[in-house]
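Hi everyone, thanks for coming. Could you all pull up the structure on your screens, so we can walk through it together?

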Amino acid sequence: MKILLLSALLLSCMQAYAQTPEQALKAKLDANPAIRADFSQTVTDINGKQIQSGTGTLALAQPNRFYWHLTAPDESLIVADGKDVWIYNPFAEEVSVLGLKDAIAASPITLLVHRDKSTWSKFTIREKDQCFNIIPKTADTGVQQVQVCFNGNKLASLSLDDTQGNKSHFALSAQLPLAKEDNEMFSFTPPDGVSVDDQRPHDGQ
């Protein structure tokens, strides 16, 4: 009888301390609060046919700093500096700048460096093996889901499924902790002569 009571007590304690998928994802992200890595990108269409590939550099730093630089085949850059998100297309000579919350709604990948409770509540988190699916609760984001996969606590890959059926997969390599000098990656100033589309909310709007 004592053994049964002890087993029931241990089971109750385990259940009380079991992590939700959201808590488990946050714990893994918190184990690597500032990293940089190279990535290889593969984009497939709704039929699984590859329609694009590329390479670049990714950096994440809590809180609210994100760097994504596609260097090939065509250059593009996304920088979250802690307050705003800059999206730069060198070929078109255009820059868009959004407030952080609006950018998260457009691309849940930036949720990885954001800890605002009300923002996380807008997503459903599902866990399978060492992968987590981040699914928007509303259908107006243009993103069906983001999948984040780990090797232990090390971030291994990211995938993004859009509402058109396309999947963008990013396999990470050469991952390192962020050095002090890498903080410059999270600062962006629009180059001279480019068109700037400022979509940030302003006072009185």
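**Two cavities, some salt bridges and a few odd bonds**

Okay, let's start inside: the second largest cavity has a volume of about 40 Å³. Before I go on, please keep in mind that this is a predicted model. Around that cavity you'll find F39, L58, F66, W68, I109, L158, F170 and L172. Strands β3 and β11 are the elements that each give two or more residues to this lining. And how does the lining divide into nonpolar, polar and charged residues? Eight are nonpolar, with no polar and no charged ones.

Now the other one. The count comes to two cavities of 30 Å³ or more, and the largest has a volume of about 70 Å³. Its lining includes K28, N32, Q62, L112, V113 and L155. This time the split is eight nonpolar, three polar and one charged.

Q62 is worth a second look. The peptide bond that joins Q62 to P63 is cis, with omega at about -5°. P63 itself lies in the loop between β2, residues 50–61, and β3, residues 65–72. There's another cis bond, from A72 to P73, where omega is near 5°. P73 is in the loop between β3 and β4, which covers 76–81. Why point these out? Because most peptide bonds are trans, and most residues other than glycine have a negative phi.

That second half brings me to two more residues. E93 isn't a glycine, yet its phi is positive, near 55°. You'll find E93 in the loop between β5 (84–89) and β6 (94–99), and with 48% relative accessibility it counts as partly exposed. A174 isn't a glycine either, and its phi is positive too, about 50°. But A174 sits in a strand, β11, residues 167–177. Is A174 buried or exposed? It's exposed, with a relative accessible area of 53%; the cut-off for that word is over 50%.

Let's go to some buried spots. A61 is in strand β2, and its relative accessible area is 1%, so we call it buried. Leaving out neighbours within four places in sequence, A61 is in contact with P33, A34, V113, L178 and F186. The C-alpha atoms of A61 and R36 are 8.7 Å apart, and the two residues are 25 apart along the chain.

V148 is another one, in strand β9, residues 143–151. At 0% relative accessibility, V148 is buried. Which residues does V148 touch, beyond neighbours within four places in sequence? Its contacts are L112, Q130, C131, F132, I134, L155, S157 and L158. With L158, which is ten residues away along the chain, the C-alpha separation is 4.8 Å.

Right, charges. How many salt bridges are there? The count is five, and I'll show you three of them. One is between the side chains of R36 and D182, at 2.9 Å from N to O. R36 is in strand β1 and D182 is in the loop between β11 and β12 (195–198), so this pair ties together parts that are 146 residues apart in sequence. R36 is partly exposed at 27%, whereas D182, at 11% relative accessibility, counts as buried.

Next, R200 forms a salt bridge with D84, and their closest N and O atoms are 3.0 Å apart. That pair links distant parts of the chain, since R200 is in the segment after β12 and D84 is in strand β5, 116 residues apart. D84 is buried, with a relative accessible area of 9%, while R200 is partly exposed at 23%. R200 also meets D198 in a salt bridge, at 2.7 Å from N to O. D198 is partly exposed too, at 32% relative accessibility. Put those together and you get D84, D198 and R200 linked in a network of salt bridges.

Last thing: how confident is the predictor? Mean pLDDT for the protein is 85, and 86% of its residues reach 70 or more. Among the elements, strand β1 (34–44) has the highest mean, 95, and helix α1 (2–17) the lowest, 47. Across residues 7–16 the pLDDT is below 50, and that stretch has zero contacts in the model beyond near neighbours in sequence. Where pLDDT is low, the predicted coordinates should not be read in detail. That's it from me, so who has questions?

Technical notes: Residues numbered from 1 in each chain as written. Predicted model: local features only at pLDDT ≥ 70, side-chain atom pairs only at ≥ 80, totals over all residues. Heavy atoms only, no water. Helix = DSSP H or I, 4+ residues; strand = E, 2+ residues; numbered from the N terminus. Buried < 20%, exposed > 50% of the residue type's maximum accessible area, 1.4 Å probe, protein only. 1 Å grid on protein atoms, 1.4 Å probe; cavity = no way out; pocket = protein on both sides within 12 Å on 5 of 7 lines; lining within 4 Å. Points joined across faces, edges and corners; volume = space filled by probe spheres on them. Nonpolar A, V, L, I, M, F, W, Y, C, P; charged D, E, K, R; others polar. Contact = heavy atoms within 4.5 Å. pLDDT = per-residue confidence, 0-100. Salt bridge = Lys/Arg side-chain N within 4 Å of Asp/Glu carboxyl O.
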